[in-house]
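Visitor: I would like to learn how to read the packing of a helical model, going from the overall fold down to single side chains. Could you take me through it step by step?

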Amino acid sequence: MSRPSDDIGTRSDTSRAVAFSDAVFAIVITLLVLDLRVPEVPPGHLLSGLLGQWPSYAAYLASYTYVAVVWLNHKGAFNRVKESDRACTG
């Protein structure tokens, strides 16, 4: 009895689609961080300046978490597609 992974001709090749989607997710995460700015504060007051921008950082963390969950679900879906085979009837 052959396992589905032994029959390469009927396997779904998803590597290009996965690589493309990984690149898209990387771009999305990069665009998220572009909104964060270094606060213009006098020397010695960086912490208070960063704390004053907490809504921006909270929004970044929430958005990053959302994108990470979507990415993990996407990877899981592609793993299921990769493990499926093309139904050959005949």
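Guide: What follows goes from the chain as a whole to a pair of helices and then to a few aromatic residues. Please keep in mind throughout that this is a predicted model.

Visitor: Where should I begin, and how many helices and strands does the protein chain have?

Guide: Begin with the inventory of elements: the protein chain has three helices and zero strands, and from the N terminus on these elements run α-α-α. Then turn to burial and contact range, where buried residues make up 11% of the 90 residues in the protein chain, while among contacts between residues at least 6 apart in sequence, 73% join residues at least 24 apart.

Visitor: At what angle do helix 1 and helix 3 pack, and how far apart are their axes?

Guide: The general approach is to compare the N-to-C directions of the two axes, with angles over 145 degrees counting as roughly antiparallel. Here helix 1, residues 15-33, and helix 3, residues 54-83, pack at an angle of about 175 degrees with their axes 10 Å apart, and the two helices are therefore roughly antiparallel to each other. On the helix 1 side the contact is made by residues including Val-18, Ser-21, Asp-22, Phe-25 and Ile-29, and on the helix 3 side by residues including Tyr-64, Val-67, Val-70, Trp-71 and His-74. Sorted by class, this contact has 13 nonpolar, three polar and two charged residues.

Visitor: Which residues of helix 1 are buried, and how should I read their arrangement?

Guide: The general idea rests on helix geometry: an α-helix has 3.6 residues a turn, so residues three or four places apart point the same way. In this model helix 1 has 19 residues and reaches 27 Å from its first C-alpha to its last, close to the 27 Å expected at 1.5 Å a residue. The buried residues of helix 1 are Val-18, Ser-21 and Phe-25; seen down the helix axis they fall within an arc of 70 degrees, so they line one face of helix 1. What covers these buried residues includes helix 3, whereas on the other side of helix 1 Arg-16, Phe-20, Ile-27 and Leu-31 are exposed.

Visitor: Taking Phe-25 as an example, which residues does it touch, leaving aside those up to four places away in sequence?

Guide: For a single residue, it helps to read the element, the accessibility and the contacts together. Phe-25 lies in helix 1 and has a relative accessible area of 16%, so Phe-25 falls under the 20% cut-off and is buried. With residues up to four places away in sequence not counted, Phe-25 touches Val-67, Val-70, Trp-71 and His-74. Phe-25 and Val-70 are 45 residues apart in sequence and 9.2 Å apart in space, C-alpha to C-alpha.

Visitor: Is Trp-71 buried or partly exposed?

Guide: Trp-71, which is placed in helix 3, is partly exposed, with a relative accessible area of 32%. By the same sequence filter, Trp-71 touches Asp-22 and Phe-25, and the C-alpha atoms of Trp-71 and Asp-22, 49 residues apart along the chain, are separated by 8.0 Å.

Visitor: What does Tyr-57 touch, again not counting residues up to four places away in sequence?

Guide: Tyr-57 also lies in helix 3, and at 28% relative accessibility Tyr-57 counts as partly exposed. Its contacts under that filter are Leu-36, Arg-37 and Leu-50, and Tyr-57 and Leu-36 are 21 residues apart in sequence and 7.3 Å apart in space, C-alpha to C-alpha.

Note on methods
Residues are numbered from 1 along each chain as its sequence is written. This is a predicted model: local features need pLDDT of at least 70, side-chain atom pairs count only at pLDDT 80 or more; totals for chains, interfaces and linings use all residues. Side-chain values use heavy atoms; hydrogens and water are left out. Axes are lines fitted to C-alpha atoms, for helices over the stretch in contact, and angles run from 0 to 180 degrees between N-to-C directions. Helices (H or I, at least four residues) and strands (E, at least two) are DSSP runs, numbered from the N terminus. Angles under 35 degrees count as roughly parallel, over 145 as roughly antiparallel, 65 to 115 as roughly perpendicular and the rest as oblique. Contact means heavy atoms within 4.5 Å. Ala, Val, Leu, Ile, Met, Phe, Trp, Tyr, Cys and Pro count as nonpolar, Asp, Glu, Lys and Arg as charged, and the others, Gly among them, as polar. The expected span of a helix is 1.5 Å times one less than its number of residues. Buried means under 20% relative accessible area, exposed over 50%, partly exposed in between (1.4 Å probe, protein chains only). The arc is that of the directions from the helix axis to the C-beta atoms.
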